[in-house]
Amino acid sequence: MICYAVIDTNVLVSALLSGHDDAATVQVIGKLFSGEVIPLFSEEILNEYNEVLRRKKFKFSEALIVDLISVIEQYGKMVIPSPTGEILPDLKDLPFYEVVAEKRDDDAYLVTGNIRHFPKKPFIVTANEFLEILKRK
């Protein structure tokens, strides 16, 4: 069964900073590379990935950033979301929420490290919760 996921930027950063292959965020990103999970994104999400991952404080190599974003673009699906009218504590999170809301009929999840920034919904999950969902499928 195909599973779709909108990956919050904080999950990408956490995975890239982690020194542990068994970290949940690293495993989630690995599922993108293996094709087990199809990433969903919008132009706004790609712009945020590009901006945040290039912040000097992270010191990620340009090659690593390009490879990661290329995989997301190549194997993922671009979504043009409809406005949901949802009010979130941080408006920067809205593009992620609206993309997952647009694709909910396709078994899509929003994987985030900031669960409290979003409404309590069964499709908004942490990396650990997402891995458990995948195990059950």
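A salt bridge here is a side-chain nitrogen of Lys or Arg within 4 Å of a carboxyl oxygen of Asp or Glu. Glu 132 and Lys 135 make the cut, with their closest N and O atoms 3.4 Å apart. Keep in mind that this is a predicted model. Confidence runs as follows: the chain has a mean pLDDT of 95, and 99% of its residues reach 70 or more.

**Confidence along the chain**

- Among the elements of the chain, helix 3 has the highest mean pLDDT, at 98.
- Helix 2, covering residues 24-34, has the lowest mean pLDDT of the elements, at 95.
- As a general caution, predicted coordinates should not be read in detail where pLDDT is low.

**Salt bridges**

- The count comes to five salt bridges, and three of them are walked through here, starting with the pair from the opening.
- Glu 132 and Lys 135 both belong to helix 6 (residues 127-136), and because they are three residues apart there, about one helical turn separates them.
- On the surface side of things, Glu 132 is partly exposed at 38% relative accessibility, while Lys 135 is exposed, with a relative accessible area of 63%.
- Glu 62 pairs up with Arg 54, and here the closest N and O atoms are 2.6 Å apart.
- Glu 62 has a relative accessible area of 43%, so it counts as partly exposed.
- Arg 54 is partly exposed too, with a relative accessible area of 35%.
- Lys 31 bridges to Glu 36, with 3.3 Å between the closest N and O atoms.
- Glu 36 comes out as partly exposed because its relative accessibility is 45%, and that label covers values between 20% and 50%.

**Aromatic rings**

- There are four aromatic pairs in the model.
- One of them joins Phe 58 and Phe 60, whose ring centres are 5.3 Å apart.
- The planes of Phe 58 and Phe 60 differ by 10 degrees, and the pair is stacked; the cut-off for that label is under 30 degrees.
- Phe 58 and Phe 60 are both buried.
- Tyr 109 has a charged visitor: the charged end of Arg 104 sits over the Tyr 109 ring, 5.6 Å from its centre.

**Strand 4 and its neighbours**

- Tyr 109 is also part of strand 4, which is covered on both faces.
- Ala 108 and Leu 110 are buried on one side of strand 4, and Tyr 109 and Val 111 are buried on the other.
- That split fits a general pattern: in a regular strand the side chains alternate between the two faces of the sheet.
- Strand 1 runs parallel to strand 4, and four bridges join the two.
- Within that pairing, Val 6 has Leu 110 of strand 4 as its bridge partner.
- Strand 5 also pairs with strand 4 in the parallel sense, over two bridges.
- Leu 110 turns up again here, standing opposite Ile 124 of strand 5.

**Helix 5 and what covers it**

- Helix 5 spans residues 94-102 and is mostly covered, with seven of its nine residues buried.
- The buried residues are Leu 94, Pro 95, Phe 96, Tyr 97, Glu 98, Val 99 and Val 100.
- The cover over those buried residues includes three strands discussed above: strand 1 (3-7), strand 4 (108-111) and strand 5 (124-125).
- Strand 2 (37-41) is also part of that cover, as are helix 1 (9-17) and helix 3 (43-53).

Technical notes. Residues numbered from 1 in each chain as written. Predicted model: local features only at pLDDT ≥ 70, side-chain atom pairs only at ≥ 80, totals over all residues. Heavy atoms only, no water. Phe/Tyr/Trp six-rings, centres within 6.5 Å; stacked < 30°, edge-to-face > 60°. Buried < 20%, exposed > 50% of the residue type's maximum accessible area, 1.4 Å probe, protein only. Lys NZ or Arg CZ within 6 Å of the ring centre and 35° of its normal. Contact = heavy atoms within 4.5 Å. pLDDT = per-residue confidence, 0-100. Pairing = 2+ DSSP bridges.
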